[in-house]
Amino acid sequence: WRSEFVTITPKDQPLEIEVRGSVPAPATKDKGTFIERRWRVEESPPALEEPDSPPPTEFLPSVRIGWGISLDDTLRELVDAASDETPKDPRLLARANEITKGIDPKDTDARIKAIYRWVIENVADGRDNDGRRVVMGKSGSRQSGFEHLLREIGVGLEPALVKNKLAMPPLGKMSEVENWDSLVLRAETNHGVRWLTVRDKFAPYGYVPAELRGQPAFRLIPGTPKDTVLSALSPGDGDGIRFEGRADVRPDGNASVELVQSFVGKLGISLRGILDRVAEAQRDD
């Protein structure tokens with residue numbers, strides 16, 4: 001029936017204000033060295049949930065305020081946060097050498113792929129973000145364990161901040177920062193630049209979600225150079241469902257039909273995750 005948002009802020013502090021939906025201009029009142037702003041929305045219609053409807057945040061009345069936020073400052077902070085200065089662990093080096101045994105040290109792509117497969121197959125989901133404990137305990141953040149193992153054998157990885165192509169157009173500096181909300185890894189290999197994520201148990205090596213493919217990215221290294229995320233998958237390996245079949249019709253009118261349904265990309269990853277939780281004796285059912 002009525003929703004009101006009241007703020008009192010210093011006059012000399014310029015505000016970032018972002019408004020979505022049908023919100024009228026604020027009523028302002030001078031309070032000495034401060035200024036009061038009062039936003040009020042009367043009789044806003046309810047947000048009815050419907051199948052495949054857009055998120056309510058895209059159209060419901062809302063007001064956000066802030067200051068001191070910018071993409072450049074955020075990137076500088078993330079570069080500092082992404083730098084790993086923990087000492088190397090001989091146990092992890094031995095594990096990494098064991099995983100990459102027999103692979104040519106110059107074939108960096110094959111070494112990255114071998115460690116990726118080991119992490120995906122052996123590390124269970126968990127809350128631990130320390131890569132050393134993740135590798136030794138085989139539980140926690142797969143990405144942290146993956147990065148630590150590669151660091152032990154001298155293969156460089158760069159985290160990169162990517163803009164989601166499904167994000168709404170920014171209204172100001174705050175929402176601009178929020179649109180850059182995805183993290184991928186970048187490696188320079190003997191087969192060129194490789195972009196990948198290390199999260200889903202059944203994601204193939206080099207998989208990047210569809211909403212991040214071809215999107216701009218900031219590499220989280222000094223200078224934050226800008227780049228574009230490229231997928232290692234061929235155009236035919238996108239997210240979707242494939243149908244293949246054959247029908248044999250006999251002279252008496254009878255026929256036999258065989259249909260094959262394949263789930264590819266994101267759908268394949270999700271379905272394999274579901275089947276992985278089903279007891280083997282129940283899978284056929």
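The face of helix α1 that is turned away from the buried side carries R76, E77, D80 and A81, which are exposed, meaning over 50% relative accessible area, where buried is under 20% and partly exposed lies in between (1.4 Å probe, protein chains only). This is a predicted model, in which local features need pLDDT of at least 70 and side-chain atom pairs count only at pLDDT 80 or more, while totals for chains, interfaces and linings use all residues. Residues are numbered from 1 along each chain as its sequence is written, and side-chain values use heavy atoms, with hydrogens and water left out.

On the other side of α1, L71, T74, L75 and V79 are buried. Seen down the helix axis, these buried residues fall within an arc of 140°, so they line one face of the helix; the arc is that of the directions from the axis to the C-beta atoms. Helix α1 comprises residues 71-82, helices (H or I, at least four residues) and strands (E, at least two) being DSSP runs numbered from the N terminus.

Turning to the strands, β1 (residues 2-10) runs antiparallel to β4 (residues 34-42), and nine bridges join them, where pairing requires that DSSP finds at least two bridges between two strands. Within this pair, R2 has E42 of β4 as its bridge partner. Strand β4 is also joined by five bridges to β3 (residues 27-31), again in an antiparallel arrangement, and here K29 stands opposite E36. The hairpin of β3 and β4 has two residues between the strands, and G32 takes a positive phi near 70° in this hairpin.

Further along the chain, I241 lies in strand β11 (residues 240-249) and is partly exposed, with a relative accessible area of 40%.

Key:
The expected span of a helix is 1.5 Å times one less than its number of residues.
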